Amino acid sequence: MSDTVVFTDHTFDDLDIEREILADAGADLIDAEARAEPLETVLVDADPDGILVMYETVDAALLDRIPDCRVVSRTGIGFDNVDLDAATERGVYVTNVPDYCIPEVSDHAMALLLALERKIVEYDARVAAGEWDEHAGRPMHRIAGGTMGLVAYGDIARAVGEKAAAFGMDVIAHDPYVDAGDVAEGVTLVDDLSELLAESDAVSIHAPLTPETEGMIGADELATMKETAVLINTGRGGIVDEAALAEAVRTGAIAGAGLDVLAEEPPADDSPLLDADDVILTPHAAYNSAESVVELREKATRNVAAALAGEVPPYVVNDAVLD
């Protein structure tokens, strides 16, 4: 009998990529998005051997409804919507795709920095409103010679550091899980987050959202930054206290912010960031390109196919399950 896989939720027009890969692995795919029944009903009826998940919360209660499930494959880098402990206790692999959009997200972080520093959005709005004033964006500051501070130093942060260095910036990073010998040549690892915030002209956040990082950048941390500095976040929204950030920009405690991620997506109508000057918001789109989406879908599905074949998937998040 063939294996069964359920895709709980997604934003794709079709699942041809996933069906082809799983068919080669001898598995059938059920698209829960296309079914009229509630997800719980689809899962219970299908009793899947694996699930693909985008945004749906996968907790102990859900896993208990699908006792034969061997793998939960998250279509993305983050996996905070999956209860790792619950999956590990049940012997279920949790996988992600940590390397599918490194070029896109690092480009996006630099694009936000450039748009802020060169006042691109402001100038465009003024020109569209009939104003032609090259002085309106002042003061602006030279990027070359400034310091890029990376909060966490994974693959995307490394790529941002390389691109920032190409623009003539010095690069520093703070990551308690990285040794000095593991950073790229020319990158300085600093021990304290406060030191990084104080020294940086641009702070780019790349940490995952965990209990340790939630709310990590709050009013006190923002107060240590330079008044001319900007904050970039393409990591996770919950890392930043958004009310404190909006206030810091409003009062001139920092110069601006570029955010692709928010704690609540989309933001509430009364979010203080929506009306804040010198804040650029994009809709969690940093990952996006035609190429990256195909790569994401292929790798996420191959994680499932490997588990169904009795192999260890390429990208296992909960290593403890291997024991």
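## A salt bridge to start with

Which residue forms a salt bridge with Asp107? The partner is Lys163, and the closest N and O atoms of the two are 2.6 Å apart. Keep in mind that this is a predicted model. Lys163 lies in helix 7 and Asp107 in helix 5, so the contact ties together parts of the chain that are 56 residues apart in sequence. Both ends have some exposure to the outside: Lys163 is partly exposed, with a relative accessible area of 26%, and Asp107 is also partly exposed, at 43%.

## What helix 7 belongs to

Helix 7 covers residues 155-166, and there's a neat bit of architecture around it. Together with strand 6 and strand 7, helix 7 makes a right-handed β-α-β unit. The two strands of that unit, strand 6 (residues 147-151) and strand 7, run parallel and are joined by 5 bridges. If you want one pair to look for on screen, try Gly149, whose bridge partner in strand 7 is Ile172.

Strand 7 (residues 170-174) has another partner too: strand 8 (residues 187-189), again in the parallel sense, over 3 bridges. Here Val171 is matched with Val187 in strand 8. As for cover, 4 of the 5 residues in strand 7 are buried.

## Two salt bridges on helix 11

Side chains of opposite charge can pair when their charged atoms come close. Helix 11 (residues 290-308) offers two cases, beginning with Arg297. The side chain of Arg297 meets that of Asp14 in a salt bridge, at 3.8 Å from N to O. Asp14 sits in the loop between strand 1 (3-7) and helix 1 (16-24), which puts the two partners 283 residues apart. Arg297 counts as buried because its relative accessible area is 9%, under the 20% cut-off. Asp14, at 34%, is partly exposed.

The other case is Lys299, which meets Asp99 in a salt bridge at 3.2 Å, N to O. Asp99 lies in the loop between strand 5 (93-95) and helix 5 (102-117), while Lys299 is in helix 11, so this pair ties together parts that are 200 residues apart in sequence. With 25% relative accessibility, Asp99 counts as partly exposed.

## The wider tally

How many salt bridges are there by this rule? The count comes to 17. Some of them share partners: Asp3, Asp49 and Arg70 are joined into one network that way.

Key. Residues are numbered from 1 along each chain as its sequence is written. This is a predicted model: local features need pLDDT of at least 70, side-chain atom pairs count only at pLDDT 80 or more; totals for chains, interfaces and linings use all residues. Side-chain values use heavy atoms; hydrogens and water are left out. Buried means under 20% relative accessible area, exposed over 50%, partly exposed in between (1.4 Å probe, protein chains only). Two strands pair if DSSP finds at least two bridges between them. A crossover is right-handed if, with the strands pointing away from the viewer, the path from the first strand over the helix to the second runs clockwise. A salt bridge is a side-chain nitrogen of Lys or Arg within 4 Å of a carboxyl oxygen of Asp or Glu.
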